[in-house]
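Trainee: Please take one helix of this model and look at it closely, setting out how its residues are placed, what packs against it and how it sits within the whole fold.

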Amino acid sequence: MIAAEKRFTAKDYVEVTVHFKCNLKCVHCMIEGTMDWLRPETDEQLGRILARNARERRWKALTLTGSEVTLRPDLPQLARAARDHGFEHVRIQTHGVRLADRSYCRELVEAGIDEYFVSVTAADSETHDAITGVDGAFDKTLTGLENLDAFDHVATLTNTVITERSYRQLPLVVERLHHLRQLAQMEFWTYWPMRENDDKDLIPSHLDVLPYLQRAIVAARGYGRSVEVKNFPECLLGEDHDALDNAQPQLIIDPEFWPEFMRNGFHQCVHRDYCASPTCLGLNSAYINKYGWHADLLVPFPKER
């Protein structure tokens with residue numbers, strides 16, 4: 001299946017963390033242990049970023065992120081300010097629950113938010129709600145995506161975190177969302193625990209995930225979606241290796257986040273010194289401590305590539 005042309009390029013975006021509260025309790029939440037003390041960017045700090053873009057046109061798009069930004073009552077005002085300062089697109093990262101309110105959804109769109117990066121953890125309410133810890137979350141998220149589908153100039157993207165509890169549903173997620181007209185891109189992010197060990201037993205083996213992930217990639221592309229896979233060994237993906245894209249926008253976040261993030265220990269691989277892959281993150285510490293190095297299965301890309 002031929003990959004859809006990329007519509008979203010990481011270098012065009014800047015991500016700003018503006019809120020660190022959430023009303024779901026996702027078992028795989030990367031920042032669950034830091035939400036209580038990470039500091040969001042202040043209005044003054046955000047203002048300086050907007051002013052810089054007005055002067056320099058440094059970025060084309062702004063992503064408002066953190067935990068659940070729809071809990072900020074002034075989110076529409078932030079979007080309007082971004083548009084006024086030269087951002088061509090404004091995106092929010094969200095679990096989508098509040099978007100089930102059609103009037104609120106329209107308010108955000110009219111304020112200038114034209115891209116929605118929505119977390120969909122599974123293909124059915126039972127699994128999704130168990131992962132998110134809130135009954136009814138799946139139905140509201142799906143309704144939110146369907147509400148966004150009414151706006152022709154809006155783009156939606158979905159993110160499904162690959163865990164032991166979700167990986168078997170990856171192809172089913174693609175099928176469950178196939179009716180969405182505005183769904184431009186589907187992303188599949190391999191879980192990492194922000195620590196050296198998988199204390200929650202959420203990391204699945206890449207070998208178990210692979211057939212489900214490949215089926216999801218092929219199915220999503222069949223519906224004309226662009227696909228991005230994050231934090232999965234490129235060589236294991238075979239003919240689908242072009243789906244791997246670990247590029248990230250510039251992230252503006254509390255500097256105290258980075259020591260915690262570095263505990264993941266990315267870029268570990270027995271072939272690291274001579275593999276020519278420009279994008280693969282290899283394995284992380286928690287994965288290696290659970291499953292080992294897969295030295296006999298990982299294959300380095302040749303230098304001439």
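Mentor: Helices here are DSSP runs of H or I with at least four residues, strands are runs of E with at least two, and both are numbered from the N terminus. The model is predicted, so local features need pLDDT of at least 70 and side-chain atom pairs count only at pLDDT 80 or more, whereas totals for chains, interfaces and linings use all residues. Residues are numbered from 1 along each chain as its sequence is written, and side-chain values use heavy atoms, with hydrogens and water left out.

The part I would choose is helix α3, which spans residues 102-110 and in which Y104, C105, L108 and V109 are buried (under 20% relative accessible area, with exposed meaning over 50% and partly exposed in between, for a 1.4 Å probe and protein chains only). Seen down the axis of α3, these buried residues fall within an arc of 140 degrees, and they therefore line one face of the helix; the arc is that of the directions from the helix axis to the C-beta atoms. The general background is that an α-helix has 3.6 residues a turn, so residues three or four places apart point the same way. On the other side of α3, R102, S103 and E110 are exposed.

The cover over the buried residues of α3 includes two helices, α2 (75-84) and α5 (137-148), together with the strands β3 (89-94) and β4 (115-119), where contact means heavy atoms within 4.5 Å. After α3 comes G112, whose phi is positive, near 115 degrees.

As for the setting of this helix, the protein has nine helices and eight strands, and buried residues make up 54% of its 305 residues. Of the contacts in the protein with a separation of 6 or more, 76% are between residues 24 or more positions apart. The C-alpha atoms fill a box of roughly 55 × 40 × 40 Å, taken along the principal axes. A compact globule of 305 residues would have a radius of gyration near 19 Å, and the protein's value of 19 Å agrees with this; the radius is taken over C-alpha atoms, and the globule rule is 2.2 Å times the number of residues to the power 0.38.
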